[in-house]
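Q: I'm new to this one and would like a close look at a single part. Could you pick one helix and walk me through it, then show me a few spots elsewhere for context?

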Amino acid sequence: MIEHLPPEAATMTALRNNAPPADLDAQAEGADPSRGRWSQTDLLLAQTIDAVNRLTHYYALVNTSGGKRPDPPSPVPRPGVPRTRDHRPRMSDAAAQTLLQIINGTPGPPA
């Protein structure tokens, strides 16, 4: 039962605090954080970080004039989820201009 407690449980904290330094070093050597157990709070925090990173990216895109556009951020790695890049097709500049005209209510190019 103790092995399945969340990492932030008082019992798990007490076990970690009382573990000999050699045991902690041995566990840390081969540790892979992406395979660890995450609490609900950890998952919500990762989602928050991803949202802030996306908003920062959008802000940079809006305020970048010419030159190379910044790459989109990678999501925070989660346990049990393989790392993949988001391969959604990028919107062309012409499509972005048309969408902007529709949003602003300005007339588009003549048909």
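A: Here's a walk along helix α3, followed by a few stops elsewhere in the chain. Keep in mind that this is a predicted model.

Helix α3 covers residues 40-62, so to speak a run of 23 residues. From its first C-alpha to its last it reaches 33 Å, close to the 33 Å expected at 1.5 Å a residue. Which of its residues are buried? Those are Ala46, Asp50 and His57.

Let's stop at Asp50, which sits in α3. Its relative accessible area is 7%, and because buried means under 20%, Asp50 counts as buried. What does Asp50 touch, once you set aside its neighbours within four places in sequence? It's in contact with Ser74, Pro75, Val76 and Arg78.

Now for some spots outside α3. Leu5 belongs to the segment before α1 (10-18). With 27% relative accessibility, Leu5 is partly exposed, because that value falls between the 20% and 50% cut-offs. Leu5 and Ser39 are 34 residues apart along the chain, and their C-alpha atoms are separated by 9.9 Å.

Last stop: helix α4 (residues 93-104), where you'll find Leu99. Leu99 has a relative accessible area of 38%, so it's also in the partly exposed range, between 20% and 50%. Together with Met91 and Ile103, Leu99 makes a nonpolar surface patch of about 300 Å².

Technical notes:
Residues are numbered from 1 along each chain as its sequence is written. This is a predicted model: local features need pLDDT of at least 70, side-chain atom pairs count only at pLDDT 80 or more; totals for chains, interfaces and linings use all residues. Side-chain values use heavy atoms; hydrogens and water are left out. Helices (H or I, at least four residues) and strands (E, at least two) are DSSP runs, numbered from the N terminus. The expected span of a helix is 1.5 Å times one less than its number of residues. Buried means under 20% relative accessible area, exposed over 50%, partly exposed in between (1.4 Å probe, protein chains only). Patches are made of residues with over 30% relative accessible area and no salt bridge: like charges are joined within 9 Å, nonpolar side chains (Val, Leu, Ile, Met, Phe, Trp, Tyr) within 5 Å. Accessible areas come from the Shrake-Rupley method with a 1.4 Å probe; for residues, only the protein chains shown count as cover. A salt bridge is a side-chain nitrogen of Lys or Arg within 4 Å of a carboxyl oxygen of Asp or Glu. Contact means heavy atoms within 4.5 Å.
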